[in-house]
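This report goes from a single residue outward to the sheet and then to the contacts between chains. The sequence and the structure come first.

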Amino acid sequence: MLATDLARIRAEAPLVHNITNYVVMNTTANALLAVGASPVMAHALDEVEEMVGLARTLVLNIGTLSPEWVEAMVRAGHAARHKGIPVVLDPVGSGATRLRTTTALRLLEEVGPAIVRGNASEIASLAPAAGAAAGRTKGVDSTRDAEETVDAARAVAARHRCVVAVSGPTDVIVGEDRTVRVRNGHPLMVRVTGLGCTATALIGACAAVNPSALEAAAHGLALNGIAGEIAAERAQGPGTLQLYLLDALHRLTEAESTARARIEGL
Amino acid sequence: MLATDLARIRAEAPLVHNITNYVVMNTTANALLAVGASPVMAHALDEVEEMVGLARTLVLNIGTLSPEWVEAMVRAGHAARHKGIPVVLDPVGSGATRLRTTTALRLLEEVGPAIVRGNASEIASLAPAAGAAAGRTKGVDSTRDAEETVDAARAVAARHRCVVAVSGPTDVIVGEDRTVRVRNGHPLMVRVTGLGCTATALIGACAAVNPSALEAAAHGLALNGIAGEIAAERAQGPGTLQLYLLDALHRLTEAESTARARIEGL
Amino acid sequence: MLATDLARIRAEAPLVHNITNYVVMNTTANALLAVGASPVMAHALDEVEEMVGLARTLVLNIGTLSPEWVEAMVRAGHAARHKGIPVVLDPVGSGATRLRTTTALRLLEEVGPAIVRGNASEIASLAPAAGAAAGRTKGVDSTRDAEETVDAARAVAARHRCVVAVSGPTDVIVGEDRTVRVRNGHPLMVRVTGLGCTATALIGACAAVNPSALEAAAHGLALNGIAGEIAAERAQGPGTLQLYLLDALHRLTEAESTARARIEGL
C-alpha cells in the first residue's frame, strides 16, 4: 500500500543516490527531503561506486548529458547491480537526439534498471521496433499520449525485464504480468519543469522500501500526482505550484494518501 | 505587438534550446514553460547540433563557463546560423574576467547572434573601443546605467549587425535604425538571481515567433518586466517574487499585456 | 555585532565568489542577494584567479565534485590567500566518500581557510584522529550531534588554525580561545536542501565585512537561523519555507537581528 511505503520512507529515511540533470537537482533533492528520504547527488567517477555503497536506491536521469556523466552512470549502475539495490532510469529526451536515445538504451542493456519512467515519446523511442514509427521527442516534451504507447512500453518491459512507467494524464505502468494505471495529478503540473524527474525520484524512494518494482513505480507516481493535486488547489500558477507541491509532500498523512490514491490494477 | 507574440508562443509552444549557466537553468526552464514555450537544455558536443535542428531559437548564456561549454556554444551557434533560426546571446559577466569578455566577443564574431542582451557593464565591455573607459563589471552586476551605455550599445550593434538590449531601470534596445525603450519592471527584481537571464530566455521565445529582432527584444523585456511588476504587488520579498513572477507569466492575458506594456519607440 | 555586519553588507554589497555545488547554486545566489551582498559563481580554471581579484570573500563548497572543480578550488584558494581575503570552506559530504574527505583535507592543508562550516559528521571526519571513531556521513546528512563533536572541532581548529563551525539544533563555533553557541533556527530547516550551504555563504558575506572570523561565523549562522525562524512562522512546509526564508533575509532589520540573535559566548 502507498501508505505503507510512505510510513517506511519517513521511518527509515533511505539514502537515494541521484545522478541527475542540472535543471532539476534542487527540486529533486527537495522533493526527496519533503517526503522523508535522504537525497545525495554525486557524479564524480572517483566516488560514485562508494556512494552507491551507502545508498538504498540509485536514480539515473539523462536530462543534461556529457560523456563523463554517462560513464559515471554506467559505473554507478554496475555497482548498484552488484550490491543488489534497485536502479531507476529516467530517459529524459530519449528520441530527441541520438546521444540521448543511445545512452538510454546503453543503460538499459548494461545496467538493467528495475524501473524506467518516461513520457510517451521517450518510452516509444526505446521500443525494439522504434524508428520511423516512434515519432520524435520534441526536446524533452512528449508528442504522444501514454495510452497509445502501451504496446511500446510492453516491448521495452519484455526486452529489458523491467517495469516501465509511462507518464501522462493517466500514468500507465507495465509490469511482467499486469498493467497498472494511476489517475492522480493536475494539468498545471506540465507547466513546471522537472516534475517528471520528481516522480522518478519519488519512485526511487519507494523502491528503497518496497521490493515490488511495480508497486514502487505506481506509488511514486501517485505520491507526485497527489501532491500536485493538493498544491493546485491553492496555487496561482506554476511558480507557487512547485513550492506548494513540496509542502504537500511533507504534510501528506498516510490516511490522506490512501484516500486520494487513484491506482487501478495493482 | 506584444499580445501577438504572446498568443503565438502559447499556440505554437516553440522549442527554445538553451545552453545556459547552472545557476539559472531551473528558473529559465520554468519561465519558458510559464509563458507557454517549450524549453530544452542540452550542452553535450555530441548532441547540440541535433537539438538545434529541433529548435526555433537558440539562447546562449555564458554565466558559468568552462572550455567544453564554449565549444558547445560555438558549435550550436553555427548550426543555428546554418539552419536560419535566431540566436540570442547573454554575455553574463563580460567585463569581469578576460575569459568572459573573450568568449562573448568570440560568439559575436563567429556565431553572429540576432540579439544580445546584457546589463550596462556587460554591453560596455563589448564595444569596439572598450577597455579603460568601459569600467569593469563587478562579478555579474552592473556598475553603470543603461542610458550612459547607449553609445556603446550602438557601436556593438553596428559592428556585429545585431540588436543590442541593455537592461536597467529603463531598458534601452538599439536596432539598426531605431532606439526603443521599455519602462516595465520593479526595483526588487535585481534582488533575485538570474532575472536578466530570464529576460534573455523570454526574448528567445519571442524571437521564435516574431521575425523582427527589435520587436522580439522589446517584447521579451516587457514580458519580464510586466510579470515582475505584477509579482511585486503581492511579494513579501525576493523569495516570493521569484515564484509569483512565474505565476504572473502564466496568467498574463493578451489584453493585460497590451495595457501594461510601456514600450516607447517601436 | 550582528546588526553591524548586516548594515555593512547592505551598504557595501561585497562581492562573494562561490565555487559551489550544482544543487544549491540558485539558492545560494538568492540568499546572498537577499541579505544585500553581490554573489558570483565562477569555476573555470581560466578565470577563477581573476574573479578572486574582484571578490572580498571566496566560498568553497564540495557538494558535487569533479577533478576540474577541485583544481579550480585549489587555484582560487591560493589566489585568495595571496590577496588576503578570507576563504570559507563547506566540506559537504566529507566522511561519506574518500574523494570528499580527501578533498576537504587537501583544501584545509593547501588553502588554509579562515572558517570551516559543516555538520557534525563532516567535521568529525576531518579531525586528525578520525577514522573508525568518526562514524560515517550518511550521504550529506549528519549521523551525529554538534555537541558530541566539540572535541573533533577543537582538533580541526587547532591543527588548521581556523574557526570551525558545527551546525546542528545548536550551532557550536570553535575559535582559538573561545567556543560560541548559536541557538537560532527551526527544525523544518533540515527538510530543505542546502540551507547549510546557505549558512556557509552568509558566513562568507559576514567575513567580507568583519575581520573576526569567529564573529563572522556566528553572525552568518545566526542570520540563517533567524531568517528560518521567521519563515517557519508562516510556512506550510519546506517548499514555502525556502522562499519565505529569502524574504525574511531581505526584510530583516538591524533592530530585529539584535533582538532575535541567540548567540552565547562571543
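In this predicted model, A:Ile115 is in contact, beyond its neighbours within four places in sequence, with A:Pro86, A:Val88, A:Cys162, A:Val163, A:Ala165, A:Ile203, A:Ala207, A:Ala213, A:Ala216 and A:Ala217. The largest nonpolar core has 324 residues, and A:Ile115 and A:Val163 are among those that touch the most other members. Their counterparts B:Ile115, B:Val163, C:Ile115 and C:Val163 belong to that group as well.

**Sheet and helix packing**

Chain A has an open sheet of nine strands in the order E2-E1-E3-E4-E5-E6-E7-E8-E9, and the pairing is mixed. E2 and E9 (263–264) of chain A are the edge strands, each pairing on one side only. Strands of a sheet pair through backbone hydrogen bonds, in either the parallel or the antiparallel sense. At one end, strand E8 (residues 179–182) of chain A pairs with E9(A) in the antiparallel sense over two bridges, and A:Val182 stands opposite A:Ile263 in E9(A).

Helix H8 (residues 195–209) of chain A lies across strands E1 (15–19), E3 (57–61), E4 (87–90), E5 (115–119) and E6 (163–167) of chain A. Its direction is at about 160 degrees to that of E3(A).

In chain C, strand E1 (residues 15–19) and E2(C) pair in the parallel sense over four bridges. C:His17 has C:Val40 as its bridge partner in E2(C). Strand E2 (residues 38–41) of chain C is covered on both faces. C:Ser38 and C:Val40 are buried on one side, and C:Pro39 and C:Met41 are buried on the other.

**A positive phi before E1**

A:Ala13 has phi near 45 degrees, a positive value in a residue other than glycine. A:Ala13 sits in the loop between helix H1 (2–12) and E1 of chain A. A:Ala13 counts as partly exposed because it has 19 C-beta neighbours inside 10 Å, where 20 or more would make a residue buried. In chain C, C:Ala13 also has a positive phi, of about 45 degrees, without being a glycine. The place of C:Ala13 is the loop between helix H1 (2–12) and E1 of chain C.

**Contacts between chains**

Chain A touches both chain B and chain C. The table describes the two sides of chain A.

| Side of chain A | Residues of chain A | Residues of partner | Nonpolar | Polar | Charged | Given by H10(A) |
|---|---|---|---|---|---|---|
| touching chain C | 26 residues | 27 residues of chain C | 16 residues | five residues | five residues | seven residues |
| touching chain B | 27 residues | 26 residues of chain B | ten residues | twelve residues | five residues | four residues |

On the side that touches chain C, helix H2 (25–35), strand E2 (38–41), helix H3 (48–54) and helix H10 (238–251) of chain A each supply at least two residues, and H10(A) has the largest share. On the side that touches chain B, H2, helix H5 (98–111) and H10 of chain A each supply at least two residues, and H10(A) gives the most.

How are chains A and C related? A rotation of 120 degrees with 0.0 Å of shift along its axis superposes chain A on chain C, with an RMSD of 0.0 Å. That is the relation of a three-fold axis. A:Tyr22 is the residue of chain A that comes closest to the rotation axis, at 3.7 Å (C-alpha). Only 12% of the interface residues of chain A are also interface residues in chain C, so the copies meet through different surfaces.

Terms used: Residues are numbered from 1 along each chain as its sequence is written. Chains are lettered from A and ligands numbered from 1 in the order in which they are written. This is a predicted model: local features need pLDDT of at least 70, side-chain atom pairs count only at pLDDT 80 or more; totals for chains, interfaces and linings use all residues. Ala, Val, Leu, Ile, Met, Phe, Trp, Tyr, Cys and Pro count as nonpolar, Asp, Glu, Lys and Arg as charged, and the others, Gly among them, as polar. Copies are superposed by least squares on the C-alpha atoms of residues with pLDDT of at least 70 in both. A nonpolar core is a set of buried Ala, Val, Leu, Ile, Met, Phe, Trp, Tyr and Cys residues joined through C-beta atoms within 7 Å. A residue is buried if 20 or more other C-beta atoms lie within 10 Å of its own, exposed if 12 or fewer, and partly exposed in between; C-beta atoms are placed from the backbone. Two strands pair if DSSP finds at least two bridges between them. Axes are lines fitted to C-alpha atoms, for helices over the stretch in contact, and angles run from 0 to 180 degrees between N-to-C directions.
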